[in-house]
Amino acid sequence: MWQYLWAHAIFHMVRWFPPSNRIKITVVTMIITVCLLIPQFYVLLLKRTTRWCPEPLMSLLIVSIVFTFFIIGFTFLFVTMIPVPREVKIAFHVFGLANFCTGLAQCIATAKGKDCQFTTVELYDISLALAVLSIVAMVFVVFMLPFWIINETKKDSVLDRRGRTGVCYEPVKCCSCLWHI
């Protein structure tokens with residue numbers, strides 16, 4: 001789930017910069033996004049990682065690497081496309097749902113994989129880090145979801161930026177990035 005939240009945060013962070021001055025932040029965010037692969041590949045390529053572990057932590061690491069490649073693509077699309085086409089947004093949210101399921105599996109497998117902590121130390125450590133990041137992302141999305149749904153069903157009742165009204169206008173007028181992509 002953290003991959004979904006990462007791309008979403010980059011989308012809004014880049015939009016805070018003026019259009020004429022986005023090239024630097026775009027390059028920096030793309031470099032940082034690509035660097036997210038480094039610790040995952042490091043653990044994947046260690047010989048100790050191939051030791052036996054009763055939980056599918058290795059498979060989940062590979063899935064995480066594949067999803068990280070997806071966020072590199074989504075991040076590139078989000079920082080270069082203005083506006084972002086509806087089809088890309090729908091694909092991104094479908095990716096988010098798949099990411100949610102994988103994050104949940106990551107949390108469960110890491111919680112059940114205490115034995116792996118001694119046999120495959122690095123694999124367990126990165127799985128624990130990915131599980132914590134997934135939990136943080138899930139808590140954020142679960143907290144924000146009711147607001148997003150209410151704002152869609154009762155149009156602009158929670159936040160209407162044009163009319164400068166809504167229940168949440170004052171708390172988020174400086175951080176509207178919480179609301180949409």
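## Residues 90-111 and the other annotated spans

In this predicted model, residues 90-111 are 100% helix and 0% strand, and the C-alpha atoms at the two ends of the span sit 32 Å apart. The span is one of those that an unreviewed UniProt entry lists under "transmembrane region"; the full list in that record is 23-45, 57-84, 90-111 and 123-150.

Residues 23-45 can be described in similar terms. Helix makes up 96% of that stretch and strand 0%, with 34 Å between the end C-alpha atoms.

## Overall fold

The chain is built from eight helices and zero strands, so expect nothing but α in the topology string: α-α-α-α-α-α-α-α by the DSSP runs used here. Of its 181 residues, 41% count as buried. If you look at contacts between residues at least 6 apart in sequence, 70% of them join residues at least 24 apart.

The accessible surface adds up to about 10,500 Å², and carbon and sulfur atoms account for 72% of that area.

## The nonpolar core

How many residues does the largest nonpolar core have? It has 40, and those with the most contacts inside it are Met1, Leu57, Leu61, Phe74, Phe78, Phe92 and Phe95. Several helices chip in: α1 (2-15), α2 (23-35), α3 (37-45), α4 (57-80), α5 (86-112) and α7 (121-153) each provide at least two core residues.

## Around helix α4 and its end

Phenylalanine 76 is part of helix α4. Its relative accessibility is 46%, and because that value falls between the 20% and 50% cut-offs, the residue counts as partly exposed. Phenylalanine 76 and phenylalanine 11 are 65 residues apart in sequence, yet their C-alpha atoms are 9.2 Å apart in space.

Further along, the peptide bond from isoleucine 82 to proline 83 is cis, with omega near -5°. Proline 83 itself belongs to the loop between α4 and α5.

Arginine 15, in helix α1, touches isoleucine 82 too. Leaving out residues up to four places away in sequence, its contacts are Arg22, Phe78, Val79, Met81, Ile82 and Val84. Arginine 15 is partly exposed at 23% relative accessible area, and its C-alpha atom is 9.9 Å from that of isoleucine 25, which is 10 residues away along the chain.

## One salt bridge

Side chains of opposite charge can pair when their charged atoms come close. Here the count is one salt bridge, formed by the side chains of arginine 48 and glutamate 122 with an N to O distance of 2.6 Å. The pair ties together distant parts of the chain: arginine 48 sits in the loop between α3 and α4, while glutamate 122 is in helix α7, 74 residues apart.

Is arginine 48 buried or partly exposed? With a relative accessible area of 37%, arginine 48 is partly exposed, because buried would require under 20%.

## A nonpolar patch on the surface

Leu97, Phe100, Leu104 and Ile108 make up a nonpolar surface patch, together offering about 360 Å² of accessible area. Phenylalanine 100, one of its members, lies in helix α5. Phenylalanine 100 is partly exposed, at 30% relative accessible area.

Terms used: Residues numbered from 1 in each chain as written. Predicted model: local features only at pLDDT ≥ 70, side-chain atom pairs only at ≥ 80, totals over all residues. Heavy atoms only, no water. Core = buried A, V, L, I, M, F, W, Y, C linked by side-chain atoms within 4.5 Å. Buried < 20%, exposed > 50% of the residue type's maximum accessible area, 1.4 Å probe, protein only. Helix = DSSP H or I, 4+ residues; strand = E, 2+ residues; numbered from the N terminus. UniProt positions renumbered as here; feature names shortened; annotations may be inferred. Salt bridge = Lys/Arg side-chain N within 4 Å of Asp/Glu carboxyl O. Patch = residues over 30% accessible without salt bridge, like charges linked within 9 Å, V, L, I, M, F, W, Y side chains within 5 Å. Areas by Shrake-Rupley, 256 points an atom, 1.4 Å probe, with all protein chains shown as cover. Contact = heavy atoms within 4.5 Å.
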